[in-house]
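Student: Got a minute to go through a model with me? I'd like to look at one strand and its neighbours.

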Amino acid sequence: MKAVINKKTYDTDVDTKLGTKCVGAFGQADGYEEHLYVTSGGNHFFYGVGGPESPYAEPTINRALKKEAVAWKKENGIE
């Protein structure tokens, strides 16, 4: 998936995935996957996809501050 936010491009096919968080089981209406990425320019973003009752009912890209990315990695046990 690709998105342009504030003139910056975020692309899950090109940028580097740093980790994944899974909530719920496959097929659950409120289950989802949240992936953290970093661009070649050092910008972080989340890509989320999930069931119809999840925060990611539609595939979504949200940019993230570096401190948010660091906290997410720590919370999810990713180095």
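Tutor: Here is a short chat about one strand and a residue in it.
This is a predicted model, where local features need pLDDT of at least 70, side-chain atom pairs count only at pLDDT 80 or more, and totals for chains, interfaces and linings use all residues. Residues are numbered from 1 along each chain as its sequence is written, and side-chain values use heavy atoms, with hydrogens and water left out.

Student: Okay, is strand β4 mostly covered or uncovered?

Tutor: Covered, mostly: six of the seven residues in β4 (residues 32–38) are buried. Buried is under 20% relative accessible area, exposed over 50%, partly exposed in between, with a 1.4 Å probe and protein chains only. Strands are DSSP E runs of at least two residues, numbered from the N terminus.

Student: And which way does β4 pair with β5?

Tutor: Antiparallel, over seven bridges; pairing takes at least two DSSP bridges between the strands. Glu-33 has Val-49 in β5 as its bridge partner. β3 (residues 16–23) also pairs with β4 in the antiparallel sense, over seven bridges.

Student: Switching topic: what's the nearest side chain of opposite charge to Glu-34?

Tutor: Lys-21, 4.2 Å away, and buried Glu-34 has no salt bridge. That term needs a Lys or Arg side-chain nitrogen within 4 Å of an Asp or Glu carboxyl oxygen. For charge, Lys and Arg count as positive, Asp and Glu as negative; His and chain ends aren't counted.

Student: So which residues does Glu-34 touch?

Tutor: Leaving out residues up to four places away in sequence, they include Gly-19, Phe-46, Tyr-56 and Trp-72, with contact meaning heavy atoms within 4.5 Å.

Terms used. Helix = DSSP H or I, 4+ residues; strand = E, 2+ residues; numbered from the N terminus.
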